[in-house]
2 protein chains.
Amino acid sequence: MITAMDIAHETTRTQLLQAAFAEIHRHGFQAAGLSEILRDTGLTKGALYHHFPSKHALGLAVVDEVIQGWLAKAIFQPLEEAEDPYQTLLTLLDQRIHGMDDEAVKWGCPLNNLIQEMSAVDADFRDHLSVILTRWQGVVQVALTRAQAQGRVRADLDCEAASLFLVAAWEGCWGMAKNRQSPAVFRQCLHELRDYVRGLA
Amino acid sequence: MITAMDIAHETTRTQLLQAAFAEIHRHGFQAAGLSEILRDTGLTKGALYHHFPSKHALGLAVVDEVIQGWLAKAIFQPLEEAEDPYQTLLTLLDQRIHGMDDEAVKWGCPLNNLIQEMSAVDADFRDHLSVILTRWQGVVQVALTRAQAQGRVRADLDCEAASLFLVAAWEGCWGMAKNRQSPAVFRQCLHELRDYVRGLA
DNA sequence: GTAATCATACCGACCGGTCGGTATGTGTCA
DNA sequence: TGACACATACCGACCGGTCGGTATGATTAC
């Protein structure tokens, strides 16, 4: 049974997660300040440390729930459920090419940011991020393999290597655009990546 | 005239730059501790703040001198001086594919690390890093254009877009390998990138 | 009542930066 | 040549402020 308390619990927890995500997105995990998160939510230390035992745990929860949740809905599910995975892959790229504003480019890809910052420093973060990355690559790999079976991709393609490179290059485009602070650069970069995918046919 | 004092001055400054580079490479700029740098060098706060007005200035000096200096010697010059730029490009990729140890993969690409961490946070860092990135892309672009003139690359290639993507994907490979902490992943990833370059012919 | 939920007050550690001081060199001039 | 003035290079104690974390109190729901 879901009580009113559970709802309040969830909303408070969700508030904290969302605010923490935004703060981490802008400043990175290590430089993220709890005070900023509390200011944004209007909550206090007591609330935060009631729901999360530490800043570290809060960060991992952001990775597991907010970031992975978003990717699952925006990328993983569409690819897995697609009847034409190859076309869906191109469509997803197109969506990114066209629907990218200054704000998004400015702060970069939340996943990529954390990967660069935390992978070498904290084993827990690395593992949780690795789960997402592996999942992502796996989804793309399955999509390519299915496309291969449908004859839309050359038969001799190494789908594992290609999916690995695709995800890596994708994040690389984010980084390039982030430094230049330019959606145009991001579009140009992703456009080349789409040509690479086109070349797989 | 170079006096003994000048020599002492330069070596101390170089020591600080090298130690700062190592510390920043491992922990990022914001998380880098001056105390750690001082411990490594055996110097003190007084020495550091004699040579650099702030931690911020020290970081920018690391970018301008250490990082850019290394790239200039390892990548920019070979590409610019190459008689066969296309082959040189492939050779540089091969060198990276084979000469990459656990330690290097663990801490990631120093340039990429700083780009992700600092581009959105600090305008000075972004500008200094952007100079390097632009230079890098420019060198690759010139190399591709020359290769085009030599007939080693298809005539209809957009060298600007390709060079942009190449640098972006390159850094993306670093990020992927850093998360997996695996030189094998890096090699596999760069191998795909080399195939992309091969496809430009 | 009692357990969950959140607020308030506060602690200790750490960090970038400052500052007075010292030691060692360099240039000048008698 | 040697004494004086000054600049450079470096030391290390210290400060203000921030930050993650804790202990405890108040409120609410069941």
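Here is a walk through this structure, from the fold of one chain to the contact between two chains and then to a few side chains worth finding on screen. Please keep in mind that this is a predicted model.

Let us begin with chain A by itself. Chain A is built with 10 helices and zero strands, and reading from the N terminus its elements run α-α-α-α-α-α-α-α-α-α. If you follow the C-alpha trace of chain A along its principal axes, it spans about 60 × 45 × 30 Å. Of the 201 residues in this chain, 52% count as buried. The contacts in chain A also reach across the sequence: among those with a separation of 6 or more, 72% join residues 24 or more positions apart.

Now bring in the second chain. Where chain A meets chain B, 41 residues of chain A and 41 residues of chain B take part in the contact. The two chains bury about 3500 Å² between them, and 62% of that area lies on carbon and sulfur atoms. On the chain A side, Gln116(A), Phe165(A) and Asn179(A) lose the most area to chain B, together giving 20% of what that side buries.

What kinds of pairing does the interface of chain A and chain B hold? There are 10 residue pairs in polar contact across it, while the count of salt bridges across this interface is zero. Several helices of chain A contribute to the side that touches chain B: α1 (4-27), α6 (102-107), α7 (110-118), α8 (123-149), α9 (159-180) and α10 (183-198) each supply at least two residues. The largest share, 15 residues, comes from α9(A). Sorted by class, the chain A side has 20 nonpolar, 14 polar and seven charged residues.

For a close look at the interface from the other side, try Gln116(B). This residue sits in helix α7 of chain B, which covers residues 110-118. Is Gln116(B) buried or exposed? Its relative accessible area is 5%, so Gln116(B) counts as buried. Leaving aside residues up to four places away in sequence, Gln116(B) touches Asn112(A), Asn113(A), Gln116(A), Gly175(A) and Lys178(A). Gln116(A), met above among the residues that lose the most area to chain B, is thus one of the residues that Gln116(B) touches.

Next, turn to the nonpolar interior. In soluble globular proteins, nonpolar side chains tend to be buried together. Here the largest nonpolar core has 140 residues, and Leu111(A), Trp136(A), Leu111(B) and Trp136(B) touch the most other members. Leu111(A) is a good place to start exploring: beyond its sequence neighbours up to four places away, this residue touches Ile67(A), Leu71(A), Leu129(A), Ile132(A), Leu133(A), Trp136(A) and Glu171(A).

Another residue to pick out is Leu144(A), in helix α8 of chain A. With a relative accessible area of 0%, Leu144(A) is buried. Its contacts, again not counting residues up to four places away in sequence, are Leu89(A), Cys159(A), Ala162(A), Ser163(A) and Leu200(A). Take the first name on that list: Leu144(A) and Leu89(A) are 55 residues apart along the chain, yet their C-alpha atoms are separated by 8.9 Å.

Finally, consider the charged side chains. Side chains of opposite charge can pair when their charged atoms come close. Over all chains, the structure holds 14 salt bridges. One of them joins the side chains of Arg194(A) and Asp94(A), at 2.3 Å from N to O. Arg194(A) lies in helix α10 and Asp94(A) in helix α5 (residues 85-98) of chain A, so this pair ties together parts that are 100 residues apart in sequence. Arg194(A) is buried at a relative accessible area of 12%, whereas Asp94(A), at 21%, counts as partly exposed.

In chain B, the side chains of Glu65(B) and Arg13(B) form a salt bridge at 2.4 Å, N to O. Because Glu65(B) belongs to helix α4 (residues 55-81) and Arg13(B) to helix α1 (residues 4-27) of chain B, the pair ties together parts 52 residues apart in sequence. Glu65(B) is partly exposed, at 40% relative accessible area, and Arg13(B) is buried, at 17%. A further salt bridge links Arg154(B) and Asp156(B), at 3.1 Å from N to O. Here Arg154(B) is partly exposed, with 37% relative accessible area, and Asp156(B) is exposed, with 60%.

Definitions and conventions. Residues are numbered from 1 along each chain as its sequence is written. Chains are lettered from A and ligands numbered from 1 in the order in which they are written. This is a predicted model: local features need pLDDT of at least 70, side-chain atom pairs count only at pLDDT 80 or more; totals for chains, interfaces and linings use all residues. Side-chain values use heavy atoms; hydrogens and water are left out. Contact means heavy atoms within 4.5 Å. Buried area is the accessible area (1.4 Å probe) that two parts lose on being put together, summed over both. A salt bridge is a side-chain nitrogen of Lys or Arg within 4 Å of a carboxyl oxygen of Asp or Glu. A polar contact is a pair of N or O atoms within 3.5 Å; within protein, one must be able to donate a hydrogen and the other to accept it, and residues adjacent in sequence count only if both atoms are side-chain atoms. Helices (H or I, at least four residues) and strands (E, at least two) are DSSP runs, numbered from the N terminus. Ala, Val, Leu, Ile, Met, Phe, Trp, Tyr, Cys and Pro count as nonpolar, Asp, Glu, Lys and Arg as charged, and the others, Gly among them, as polar. Buried means under 20% relative accessible area, exposed over 50%, partly exposed in between (1.4 Å probe, protein chains only). A nonpolar core is a set of buried Ala, Val, Leu, Ile, Met, Phe, Trp, Tyr and Cys residues joined through side-chain atoms within 4.5 Å.
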